[in-house]
Amino acid sequence: MTTTPDELAGVRYIVDDVAAAVHFYTSHLGFTLRTNPAPAFADVVRGPLRLLLSGPASSGARATPDDSTAAGRNRIHLIVHDLEAEIARLRTAGLSFRSDVIAGPGGHQILLADPAGNLIELFEPTSP
């Protein structure tokens with residue numbers, strides 16, 4: 001399998017409401033709308049990341065096995081330059097977080113959830 005440098009990395013998130021997911025990612029996390037054949041599907045991009053938002057009627061959501069309906073621990077990882085400022089901005093917008101800030105050897109992170117419960121990790125790396 002080969003890729004080209006201009007290809008986007010795609011991650012599929014199963015969502016209940018495609019329009020709400022599009023609004024969340026484009027309004028709060030800096031994604032731009034790529035395509036929007038809602039209500040089944042839309043995709044948004046941020047840099048090289050293409051996030052596929054699959055509603056209940058999409059083929060991507062229908063392909064999920066019945067025993068795989070529980071959320072996993074997977075998440076997209078977005079690097080931010082000022083985590084505290086991002087937290088304040090998102091809280092002001094009425095969003096809540098799924099974790100407290102966690103400090104580790106590589107930096108600080110916090111988990112946010114989209115309207116369907118999919119996780120987003122906001123990560124501020126430690127300065128070199």
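Just after helix 3, G94 takes a positive phi of about 90 degrees. The model is predicted, and helix 3 is where confidence in the protein is highest, with a mean of 97. Helix 2, residues 59-62, sits at the other end of the scale: its mean of 68 is the lowest. Across the protein, pLDDT averages 86. A score of at least 70 is reached by 86% of the residues.

Now step back from G94 to helix 3 itself. This helix spans residues 83-92. Which of its residues are buried? They are L83, I87 and L90. These residues cover an arc of only 70 degrees around the axis, so they lie on the same side of helix 3. What covers them? The cover includes helix 1 (18-28), strand 7 (107-113) and strand 8 (119-125).

Two of those elements, strands 7 and 8, lead to the sheet. It is an open sheet of 4 strands, in the order 5-8-7-6. The pairing is mixed. Strand 5 (75-79) and strand 6 (102-104) are the edge strands, since each pairs on one side only. From one strand to the next, the twist averages 30 degrees. Strands of a sheet pair through backbone hydrogen bonds, and they do so either parallel or antiparallel. Strand 6 and strand 7 run antiparallel, joined by 3 bridges. To find one bridge by residue, look at I102: its partner in strand 7 is Q109. Helix 3 packs on this sheet and touches strand 7 and strand 8. The direction of helix 3 makes about 20 degrees with that of strand 7.

The third element covering the buried residues of helix 3 is helix 1. H28 lies in this helix. Is H28 buried or exposed? Its relative accessible area is 13%. Buried means under 20%, so H28 counts as buried. Which residues does H28 touch, leaving aside neighbours within four places in sequence? Its contacts are H23, R89, L90, A93 and L95. One of these, L90, is also among the buried residues of helix 3.

Aromatic rings come next. How many aromatic pairs does a search of the whole structure find? There are 2. In one, the ring centres of F24 and Y25 lie 5.0 Å apart, with the planes at 85 degrees, so the pair is edge-to-face. F24 is buried, because its relative accessibility is 4%. Y25 has a relative accessible area of 0%, so it is buried too. In the other pair, Y25 meets F31: the centres are 5.4 Å apart and the planes stand at 80 degrees, which again means edge-to-face. Both partners, Y25 and F31, are buried. F24, Y25 and F31 form one aromatic cluster.

Finally, the whole chain. The protein has 3 helices and 8 strands. Read along the sequence, they follow the pattern β-α-β-β-β-α-β-α-β-β-β. The protein contains 128 residues, and 34% of them are buried. Contacts can also be sorted by how far apart the partners lie in sequence. Among those between residues at least 6 apart, 49% join residues at least 24 apart.

Key:
Residues numbered from 1 in each chain as written. Predicted model: local features only at pLDDT ≥ 70, side-chain atom pairs only at ≥ 80, totals over all residues. Heavy atoms only, no water. Phe/Tyr/Trp six-rings, centres within 6.5 Å; stacked < 30°, edge-to-face > 60°. Buried < 20%, exposed > 50% of the residue type's maximum accessible area, 1.4 Å probe, protein only. Helix = DSSP H or I, 4+ residues; strand = E, 2+ residues; numbered from the N terminus. Arc of directions from axis to C-beta. Contact = heavy atoms within 4.5 Å. pLDDT = per-residue confidence, 0-100. Pairing = 2+ DSSP bridges. Axes fitted to C-alpha atoms, helices over the stretch in contact; angles between N-to-C directions.
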